[in-house]
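Visitor: Please take a close look at one part of this model with me, and follow that part from one neighbour to the next. I work with computed structures, so cut-offs are welcome.

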Amino acid sequence: MVIIDRRYIESEWKGTGSILGVDYWGQAQEKIYRLLKDDGIESEKLDGKYRVMTEDAETLSMISSKLL
């Protein structure tokens with residue numbers, strides 16, 4: 001799953017399968033990194049973006065709430 005700015009999408013993405021994690025990047029990526037780290041969620045830095053690998057629905061929900 002990739003979290004991106006919905007303003008630039010004209011249609012909704014429809015995928016199949018389970019979510020393995022979240023990639024995030026942009027102006028607020030360092031702030032989001034710190035917020036997630038404060039909640040005990042570790043992110044890995046890869047090529048200028050961050051990645052959180054998890055299949056846990058509760059963790060994904062927490063990440064989504066920080067990103068939105």
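Guide: Happy to. Let's start with a pairing: β1 and β3 run antiparallel to each other and are joined by four bridges. Strands count as paired if DSSP finds at least two bridges between them, and the elements themselves are DSSP runs numbered from the N terminus, with helices (H or I) of at least four residues and strands (E) of at least two. Before we go further, note that this is a predicted model, in which local features need pLDDT of at least 70 and side-chain atom pairs count only at pLDDT 80 or more, while totals for chains, interfaces and linings use all residues. Residues are numbered from 1 along each chain as its sequence is written, and side-chain values use heavy atoms, with hydrogens and water left out.

Now the surroundings of that pairing. The protein has two helices and three strands, which follow one another from the N terminus as β-α-β-β-α. The strands make an open sheet in the order β1-β3-β2, with antiparallel pairing. β1 (21-24) and β2 (44-46) are the edge strands with a single partner each, so one side of each has no neighbour in the sheet. From one strand to the next, the twist averages 25°; axes here are lines fitted to C-alpha atoms (for helices, over the stretch in contact), and angles run from 0 to 180 degrees between N-to-C directions.

On its other side, β3 (residues 49-53) pairs with β2, also in the antiparallel sense, over three bridges. These two strands form a hairpin with two residues between them, and D47 in the turn has a positive phi of about 45°.

In a regular strand, side chains alternate between the two faces of the sheet. For β3, the covered face holds Y50 and V52, and the uncovered face K49, R51 and M53.

Let's take the covered face and its tyrosine, Y50. Y50 is buried, at a relative accessible area of 5%; buried means under 20%, exposed over 50%, and partly exposed in between, with a 1.4 Å probe and protein chains only. Within the sheet, Y50 has Y24 opposite it, and K45 also stands opposite Y50.

The rings around Y50 deserve a look of their own. A pair of aromatic rings is described by the distance of the centres and the angle of the planes. Rings of Phe, Tyr and Trp (its six-membered ring) pair if their centres lie within 6.5 Å, and planes under 30 degrees apart count as stacked, over 60 as edge-to-face and the rest as tilted. Two aromatic pairs turn up in a search of the whole structure. In one of them, the ring centres of Y24 and Y50 are 5.4 Å apart with the planes at 15°, so the pair is stacked. Y24 belongs to strand β1 and Y50 to strand β3, 26 residues apart, and the pair links these distant parts of the chain. Y33 and Y50 are stacked as well, at 4.9 Å centre to centre and 25° between the planes. Since Y33 is in helix α1 and Y50 in strand β3, this pair ties together parts that are 17 residues apart in sequence. Y24, Y33 and Y50 thus belong to one aromatic cluster.

That brings us to the helix. α1 (residues 29-38) lies across β1, β2 and β3 and runs at about 30° to β3. Its buried residues are Q29, I32 and L36. Viewed down the axis of α1, they fall within an arc of 60°, so they line one face of the helix; the arc is that of the directions from the helix axis to the C-beta atoms. This buried set packs against β1, β2, β3 and α2 (57-67), while K31 and D38 are exposed on the other side of α1. Q29 has a relative accessible area of 11% and touches Y24, K45, G48, K49 and Y50, leaving aside residues up to four places away in sequence; contact means heavy atoms within 4.5 Å.

Finally, turn to the uncovered face of β3. R51 counts as partly exposed, at 28% relative accessibility. Its bridge partner in β2 is E44. R51 and D23 lie 28 residues apart in sequence but 4.4 Å apart in space, C-alpha to C-alpha. With residues up to four places away in sequence left out, R51 touches V22, D23, E42, S43, E44 and L46.
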